[in-house]
Amino acid sequence: MTASFPGHDMSRRQLLRLAGAAGLFAGIGLSASACAGPTGLPGEDTLTLALNRSLVSLDNKLNQFDAAVTVQRAVREGLTAIGPEITPIPMLAESFVMLSPTRWKATLRKGVTYSDGRPVEIKDVSTALQMYREVQGSFVAGFFPEFPRITALDERSFYLDSKAPIPILDALMALILITPAADNKPEELQTGVGTGPYTVESFNRGAGTYQLLRNETYWGTAPAVQRVNVRFLPEESSRVIALRSGEVDVIDSISPNSMEQLSGLPGVTIETASSLRMNQIFYNFRKPSSHPLSDVRVREALSFAIDGQALVHDVLIDSVEQAQGVTPASLFGHAKTGDFVYDPAKAKSLLKDLGVSDLKLKIIWETGEFPSDTAIMEALVQMFWDIGVRTELQQFEPGGNILQWRQGKEGDWDLLGNGFSSPTGLAITMLQGMYAGTPEKEKTRDTYQGYVNKAVAAKIGLAAAEVDEAKREVYLKDAQQGAWDTWPCAWAFVPKSILARRNRVQTLSLSAANSYPLSHIGLEA
């Protein structure tokens with residue numbers, strides 16, 4: 001889609017309120033075209049989930065949007081996992097301990113097998129690390145300052161060695177999902193087996209649907225629910241209607257308007273949690289040096305055009321907080337580094353002083369990246385228009401080719417509406433994934449939107465390798481301030497994790513990672 005506002009009599013405040021109202025109308029299903037939903041009610045021993053984004057794979061090498069973790073980790077597991085307290089807990093490894101700053105020792109659980117009966121072996125771990133490292137555009141690889149080397153000690157125990165200290169390796173290894181070495185490839189796997197509490201009975205990648213069946217040979221506590229159906233319903237109104245009718249049991253990532261509508265509805269419960277996610281309007285750092293956006297002063301000037309508090313109050317209905325740094329306050333190691341300030345007069349003055357005129361920006365984003373995304377983008381068009389900047393919007397449907405655009409392989413763009421979470425719950429992980437890009441990584445498009453800053457990367461490197469927690473905290477603050485001072489985004493906010501469930505769904509524990517263990521869920525008789 002494209003949009004522009006060549007001049008409206010309607011005030012920006014009115015526009016924002018109408019945008020919020022439009023979200024409400026969509027949420028209550030006033031559009032007949034949005035009413036199409038699944039047919040039939042879930043069975044007594046079947047849990048049905050409706051996701052807002054298409055789950056294209058149960059492998060997380062390239063994609064791990066928050067809600068996908070719930071399903072991915074029901075099939076594949078890591079040596080460790082991030083537990084409910086946002087700290088590492090053992091999974092396939094019965095122990096995982098640091099012996100020295102550059103050496104860890106892990107021991108696999110005895111007798112653990114994949115769902116097809118093959119045993120879990122050390123070579124599966126070393127192959128997994130290799131595949132995550134080699135895949136182009138890896139979501140996970142950027143979190144690792146380096147990948148450790150595996151040295152087997154016996155059939156179950158092995159060392160993980162690194163050149164520099166990796167004091168959070170136990171948390172990072174939770175991101176490496178283990179697959180039999182013979183089945184693994186440096187790509188997003190579409191088939192294969194795992195060690196998790198569920199197996200894949202059938203799937204349709206194009207439609208984003210999966211049917212999971214309880215793994216009767218699971219090494220851990222057997223899940224109570226026999227079957228899990230995963231559906232993809234991109235329209236929020238469709239998800240809300242399906243939940244209200246009882247056709248689905250859980251819907252994820254709902255907007256504030258839908259939350260208000262569903263709150264207090266008989267048979268429905270709203271679950272909320274803090275968030276490890278940051279949503280941003282991020283700049284394209286692959287622009288040539290002659291482009292205005294390559295100048296940090298221009299990027300800062302444009303940020304003054306955005307009335308963040310109005311977006312928070314009028315569009316997002318106070319369900320989010322405006323960011324005060326480059327990481328969410330919920331992350332361990334977060335440091336406040338600054339505020340987004342609304343001052344359109346200053347924005348115009350700064351741009352004029354910098355000789356920037358007739359600027360046109362293209363904003364891209366994928367539907368469902370965050371709740372009320374379209375309303376936010378349309379509001380940004382008006383805000384930029386108010387300072388004399390024309391704006392074009394391009395919206396990508398889930399499953400489209402936005403990844404190629406983000407990697408600079410397709411069309412050009414200026415700003416990206418995107419979300420980024422720290423799956424470890426640590427600020428250093430988000431910094432490593434977003435701001436530690438290098439020229440070498442950029443050659444394979446493995447940087448975050450082309451962000452390469454040698455000074456910032458060096459500061460992140462110091463923090464990532466520091467074993468002493470007090471020193472690491474100092475380095476972390478310095479690194480976050482360094483990233484903030486480059487004005488990487490025009491605006492950012494921290495959402496809450498919100499989902500709605502039918503009351504027949506019991507013991508659902510929503511975490512700050514916006515996921516929950518499927519194996520812990522029970523269904524009311």
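User: What makes up the lining of the second largest pocket, split into nonpolar, polar and charged residues?

Analyst: This is a predicted model, and in it that lining divides into 21 nonpolar, 14 polar and four charged residues. Tyr and Pro count as nonpolar and Arg as charged, so of the residues nearest the pocket's centre, Y516 and P517 go in the nonpolar group and R73 in the charged one.

User: How many residues line that pocket, and what is its volume?

Analyst: The lining has 39 residues, with R73, A81, I82, Y516 and P517 lying nearest the centre. The volume comes to about 860 Å³.

User: Which element gives the most to that lining?

Analyst: Helix α2 does, with four residues. Both α2 (68–75) and β2 (80–82) supply at least two residues each.

User: Why is Q280 called buried?

Analyst: Buried means under 20% relative accessible area. Q280 has 2%, so it counts as buried.

User: Where is Q280, and what is it in contact with?

Analyst: Q280 is in strand β13 (residues 277–283). Leaving aside neighbours within four places in sequence, Q280 is in contact with L416, G417, N418, M434, Y448, C489, W491 and A492. Contact takes heavy atoms within 4.5 Å, so each of those residues has a heavy atom within that distance of Q280. As for Q432, 152 residues away along the chain, its C-alpha atom is separated from that of Q280 by 17 Å.

User: What order do the strands take in the sheet that holds β13?

Analyst: That's an open sheet of six strands, β14-β18-β13-β17-β15-β16, with mixed pairing. The edge strands are β14 (320–322) and β16 (390–396), each pairing on one side only. Neighbouring strands are turned by 25° against each other on average, direction ignored.

User: How do you know that β15 and β17 count as paired?

Analyst: Two strands pair if there are at least two bridges between them. Strands β15 (residues 360–366) and β17 (residues 415–421) have three, in the parallel sense, so they qualify. W365 stands opposite G417 in β17.

User: What makes β4 an edge strand in the four-stranded sheet?

Analyst: β4 (93–100) pairs on one side only, as does β6 (149–152). The sheet is open, in the order β4-β5-β7-β6, and its pairing is antiparallel. β4 and β5 (residues 103–108) share six bridges, and the cut-off is at least two, so that pair counts. Within it, S95 stands opposite T107 in β5.

User: Which helix lies across that sheet's strands?

Analyst: Helix α3 (residues 122–134) lies across β5, β6 and β7 (157–161), running at about 170° to β6.

Note on methods:
Residues are numbered from 1 along each chain as its sequence is written. This is a predicted model: local features need pLDDT of at least 70, side-chain atom pairs count only at pLDDT 80 or more; totals for chains, interfaces and linings use all residues. Side-chain values use heavy atoms; hydrogens and water are left out. Axes are lines fitted to C-alpha atoms, for helices over the stretch in contact, and angles run from 0 to 180 degrees between N-to-C directions. On a 1 Å grid over the protein atoms alone, a cavity is a set of points where a 1.4 Å probe fits but cannot get out, and a pocket is an open set with protein on both sides within 12 Å along at least five of seven lines; lining residues have an atom within 4 Å of a point. Grid points are joined across faces, edges and corners, and a volume is the space filled by probe spheres set on the points. Buried means under 20% relative accessible area, exposed over 50%, partly exposed in between (1.4 Å probe, protein chains only).
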